[in-house]
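Student: I would like a close look at one part of this model, namely the helices of one chain and how they pack. Please also say how that part fits with what surrounds the other chain's residues.

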Amino acid sequence: MSTWRPGGALAASAIQGAALLAVVAVWHLATVERWVSPLILPDLGRLAATLVALLARPETYHHVGVTAYEFGAALLFALSVGLAVGIVAGTVRYVGDLIEPVLLALYAIPIVMAFPLCILFLGIGSASKIAFGALYAFFPVAIHTLKGLRHVDRGFIRAAVSMGAGPRLLLLRVLIPAAFPVILTGVRLAAVLGLLSVVAGEMLGALEGVGQMLTRSVEALVSAEAFAWILITIMMVTLVGGTLSWVERRLERAR
Amino acid sequence: MIQFKDVGVTYAGEGALGAVEALRGVTLTIERGELFSLIGPSGCGKSTLLNLAAGLRGPTTGVVTVGGQPMPRPRPDTIAVVFQDYSLFPWRTVVGNIEAGLEFRGVPRAERRDRAMRYLRMVGLEAFAGAVPRQLSGGMKQRVAIARSLSLETPVLLMDEPFGALDEQTRMVLGEEVSQIFAQTQKTILLVTHSLAEAVFLSDRIAVMSGRPGRIREVIQVDAPHPRTPEFMTSKLFHDLRDHIFRLLHDEMRASVLGLHRGARAEDRG
């Protein structure tokens with residue numbers, strides 16, 4: 001539906017593009033007219049030059065690699081534990097009744113408070129960031145899996161059972177495919193939250209990684225570099241989002 | 001083939017509603033190869049009877065047997081069910097839905113595709129094998145559901161208001177098709193319906209039920225050979241039977257509706 005109607009996709013991207021352009025224009029004016037000190041806001045030319053220089057340095061990829069590794073490990077932990085907990089709690093009624101309120105209550109607590117403890121227990125290296133990221137990403141996976149499985153249309157289950165489906169086939173052929181869109185929402189949330197919490201963890205206490213580099217640039221008042229790191233982080237988030245959409249389409253076809 | 005002996009079902013009460021007696025003293029034998037319909041006012045327990053035969057629930061009192069064996073749980077080797085809401089899996093294609101049923105039933109993978117296609121052809125939908133349920137009309141979905149149940153090749157087929165959600169024309173066409181398919185497959189069929197014409201057109205015998213608690217009021221024989229044609233619908237026999245059932249049901253529905261009103265007023269006072 002890429003037509004020029006209000007609400008059409010093309011019209012929407014035009015509005016989004018115009019908004020982005022406006023931000024860039026105001027930014028440019030603010031630096032050229034010296035409304036804001038260059039110590040805080042770099043001009044666009046310097047930002048572009050700094051970004052290019054940063055992307056040419058091998059250390060940059062070391063830090064991106066560290067963050068990517070921490071994120072990957074955190075997501076892997078969150079997915080395996082979250083899916084396992086969600087599937088058990090979503091299919092065994094008693095366990096579900098027991099666990100659901102606990103999960104929801106814990107999810108409502110600001111998990112960021114656990115970060116100092118992660119540092120205390122696991123040190124300043126990657127382990128504390130992985131634990132922090134995994135903790136953040138676990139809840140959406142577990143909660144969405146549980147809810148998705150619990151709200152599968154009773155009619156599907158009744159039909160499958162009447163045709164002779166045992167517990168294994170019921171789970172693999174009915175419950176999980178039926179709950180799939182909800183579970184995927186949980187995984188999406190987990191990926192976004194996982195990456196954000198890993199970067200935030202690096203900002204709060206770490207020796208390397210993009211978050212730590214951002215903090216250092218800000219503390220050194222090198223605003224162009226700080227913004228360049230922000231752009232690099234945004235690129236990583238976009239890459240994760242794109243990968244997820246791709247995986248989503250592949251899985252949708254395999255369902 | 002399907003036997004109900006003095007069967008009663010009482011649903012445990014929840015909240016303000018007390019326990020509800022859905023069925024009382026139902027004794028009924030459905031013979032092998034017979035198409036037997038249950039018809040009655042809403043809430044007369046006809047779907048409950050079908051769920052009992054399907055093994056999806058047990059009776060509170062009495063005994064239900066299928067093929068001489070008591071019914072503790074679903075028996076997919078003997079009984080297939082066509083549900084009112086089709087219960088097709090939206091994430092699977094038409095042929096994939098039928099294959100899923102065959103997988104549940106334990107049919108080896110290599111045989112599933114051929115068998116699924118054979119039954120899709122029987123209901124005239126082989127061209128839609130690759131479509132997903134969302135792309136089909138209600139009548140087509142119900143035909144897929146019927147093909148899925150037939151593909152399980154069980155001696156007994158239970159149908160819970162299978163055409164309930166369809167418009168009058170679709171019901172008629174589908175009814176004729178179904179009559180022919182049934183004449184071919186020689187199954188024992190228990191059909192729950194609220195359509196008089198459907199019951200008379202398809203059935204060998206019809207049980208007219210009375211409202212809450214559900215009881216069998218009368219069992220009516222339809223003496224006409226299968227498969228039945230549209231001409232049967234214009235015959236005197238068809239009209240006489242339909243009028244007879246209509247009079248029985250009319251009394252029941254009045255009683256059931258008025259009874260509900262009386263019950264509601266009593267609750268208001270209490």
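Tutor: What follows starts with chain A as a whole, goes on to a pair of its helices, and then turns to the core and to some single residues.

The model is predicted, and its values are computed from the atoms. Chain A has 10 helices and zero strands, so the pattern read along its sequence is α-α-α-α-α-α-α-α-α-α, by the definition of these elements. Its C-alpha atoms fill a box of roughly 75 × 55 × 30 Å along the principal axes. Chain A has 255 residues, and 38% of them count as buried. Among the contacts in chain A with a separation of 6 or more, 70% are between residues 24 or more positions apart.

Now the pair of helices. Two packed helices are described by the angle between their axes and the distance between the axes. Here the pair is α6 (residues 126–150) and α8 of chain A, whose axes come within 7 Å and cross at roughly 160°. An angle over 145 degrees counts as roughly antiparallel, and therefore α6(A) and α8(A) are roughly antiparallel to each other. The crossing of α6(A) past α8(A) is right-handed. The residues of this contact comprise 16 nonpolar, nine polar and two charged.

Helix α8 (residues 167–204) of chain A also has a part in the largest nonpolar core, which has 136 residues. The members that touch the most other members are B:Ile2, B:Phe4, B:Leu38, B:Phe104, B:Leu120, B:Leu158 and B:Ile245. The largest share of this core comes from α8 of chain A, with 11 residues. Another core, of five residues, lies apart from it, and includes A:Ala73, A:Ala74, A:Ile130 and A:Val198. In soluble globular proteins, nonpolar side chains tend to be buried together.

One of those core members in chain B can be followed further. With neighbours within four places in sequence left aside, B:Phe4 is in contact with B:Val26, B:Thr27, B:Leu28, B:Ile30, B:Leu49, B:Leu52, B:Ala53, B:Val63 and B:Val64.

Back in chain A, helix α9 (residues 210–219) is mostly covered, with seven of its 10 residues buried. The buried residues of α9(A) are A:Val210, A:Gly211, A:Gln212, A:Met213, A:Leu214, A:Thr215 and A:Ser217. After α9(A) comes A:Leu221, which has a positive phi, near 60°.

Most residues other than glycine have a negative phi. A:Arg34 is another residue with a positive value, as its phi is near 60°. A:Arg34 sits in the loop between α1 (9–32) and α2 (44–56) of chain A. Its relative accessibility is 60%, so A:Arg34 counts as exposed. In chain B, the phi of B:Tyr86 is positive too, near 65°. B:Tyr86 is placed in the loop between β6 (79–82) and α2 of chain B. Its relative accessibility is 13%, so B:Tyr86 counts as buried.

A last residue is charged by its side chain type and still covered: B:Glu99, in helix α2 (residues 94–105) of chain B. Buried means under 20%, and B:Glu99 is at 15% relative accessibility, so B:Glu99 counts as buried. Apart from neighbours within four places in sequence, B:Glu99 is in contact with B:Arg112, B:Arg113 and B:Ala116.

Key:
Residues are numbered from 1 along each chain as its sequence is written. Chains are lettered from A and ligands numbered from 1 in the order in which they are written. This is a predicted model: local features need pLDDT of at least 70, side-chain atom pairs count only at pLDDT 80 or more; totals for chains, interfaces and linings use all residues. Side-chain values use heavy atoms; hydrogens and water are left out. A nonpolar core is a set of buried Ala, Val, Leu, Ile, Met, Phe, Trp, Tyr and Cys residues joined through side-chain atoms within 4.5 Å. Buried means under 20% relative accessible area, exposed over 50%, partly exposed in between (1.4 Å probe, protein chains only). Helices (H or I, at least four residues) and strands (E, at least two) are DSSP runs, numbered from the N terminus. Contact means heavy atoms within 4.5 Å. Axes are lines fitted to C-alpha atoms, for helices over the stretch in contact, and angles run from 0 to 180 degrees between N-to-C directions. Angles under 35 degrees count as roughly parallel, over 145 as roughly antiparallel, 65 to 115 as roughly perpendicular and the rest as oblique. A crossing is left-handed if the near helix is turned anticlockwise from the far one by less than a right angle, and right-handed if clockwise.
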